[in-house]
Amino acid sequence: MAVAQLRFGPVALLVVLSALAVTPLYNYPVAGAIEPAAKQISTNTPQCSGSQKLAVFGDGDCSPKPITVPVTASSSTNPPPRPLYVVAPTRPGNYPVFLFAHGTFISNNLYSGLLSHISSHGYIVVAPQLFDSILSLPCELEEIEYLEQVTNWMPSATALPSHLPPGVLPDFDKLAVGGHSRGGKSAFALALKLTISAVVGVDPVAGVSKNSRTDPVILTPESLNLSVPVAVIGSGLGNQSEVIDLPACAPNWVNHAEFYSECMAPKSHLVADDYGHMDVVDDGMFDFALTKLMCKGASGLFSSREKMRKGVGGIVVAFLDAYLGGGGSDDYLAILESPLEVDSPVKLTVGYKLEKGTAAAGDI
């Protein structure tokens, strides 16, 4: 879809102006009762573990390795449908797979800190690049199709397994999907189409307002009727505008609170109160431009967002461990039940949802 047709507001507008200066693309809430889980929480022993309490917020010991997989005939007899940024453990073993979709105009490798943290705890993370140029952003329907193509490509022996470190094997029976911003919405849309084990939305966004949502329109009453566990992670500052007369980067009615509200159990919802929509991407020129000039975020002109990346990464790891057979349920239950008492790098609140347009305490 042409750029002129986009309805994604300030993020896309600023990225078009700032992305020319960034690295080229392919250089490579008061705690409540937990909603009933339709799937048994795992208590399996992890192959790799963290180094501090809570372990999930520290680096794991799987020694993750970043791998770029381009779309070229010479790279493989079975090249991927889209360029991939993969982060995989180097310790031999079978690992769950986490497919991650980037946000609007954000290169997949700009999430390297977040994805490396997740992988270090025993996950193979696959992040497709879903656009080729800042001048030709595909419509979201196309992006969802690309994600589906990558999902179908991965299991072949000549596909993802052929690019992993020796002895590292993907377990496609434990396939989770997640994404940030627009990519978070795409992750939910993919889960409505394919068999997925779990879904993670990192500050997902479905448009610029309640009356201006991007296609496909999936946020309708109880529309996200998934039969798998869902974790929604929001930013406390994402619904606040940094620029006068422009919408916030994660506006009310189309942000994390609405996604949580429309999901069916089992679901959980955590919010990083003092951080913004773009505070999960790597530090640098791109991060500075979006975080400081458009998207309201963490204080400090040149402050690092490492705490947010560690906080979100730890939540993702704890959630995936609980449901996909990593380290069991203890860490995730601890975060949900006592978010202010766990050793999180960021302040967390748990479990609120929209009720008559107002954020109110509710069950998770």
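In which sense do β9 and strand β10 (residues 267–272) pair, and over how many bridges? In this predicted model, the two strands pair in the parallel sense, over six bridges. The points below describe the surroundings of β9 and then the packing of helix α2 against helix α7.

**Strand β9 and its partners**

- On its other pairing, β9 is joined to strand β6 (residues 198–202) by four bridges, and these strands likewise run parallel.
- Within the pairing of β6 with β9, Gly 201 has Val 232 as its bridge partner.
- Towards β10, Val 230 has Lys 267 as its bridge partner.

**Burial of β9**

- Strand β9 spans residues 230–235 and is mostly covered, with six of its six residues buried.
- In a regular strand, side chains alternate between the two faces of the sheet.
- One side of β9 carries Val 230, Val 232 and Gly 234, while the other carries Ala 231, Ile 233 and Ser 235; both faces are covered, and all of these residues are buried.

**Packing of α2 against α7**

- Helix α2 (residues 112–119) and helix α7 (residues 306–324) have axes that come within 9 Å and cross at roughly 35°.
- The crossing of α2 past α7 is right-handed.
- From α2, the contact involves Gly 113, Leu 114, His 117 and Ile 118.
- These α2 residues meet Arg 309, Lys 310, Val 312, Gly 313, Gly 314, Val 316 and Val 317 of α7.
- Sorted by class, the contact between α2 and α7 comprises five nonpolar, four polar and two charged residues.

How values were computed
Residues numbered from 1 in each chain as written. Predicted model: local features only at pLDDT ≥ 70, side-chain atom pairs only at ≥ 80, totals over all residues. Heavy atoms only, no water. Buried < 20%, exposed > 50% of the residue type's maximum accessible area, 1.4 Å probe, protein only. Pairing = 2+ DSSP bridges. Axes fitted to C-alpha atoms, helices over the stretch in contact; angles between N-to-C directions. Left-handed = near helix turned anticlockwise from the far one by under 90°. Contact = heavy atoms within 4.5 Å. Nonpolar A, V, L, I, M, F, W, Y, C, P; charged D, E, K, R; others polar.
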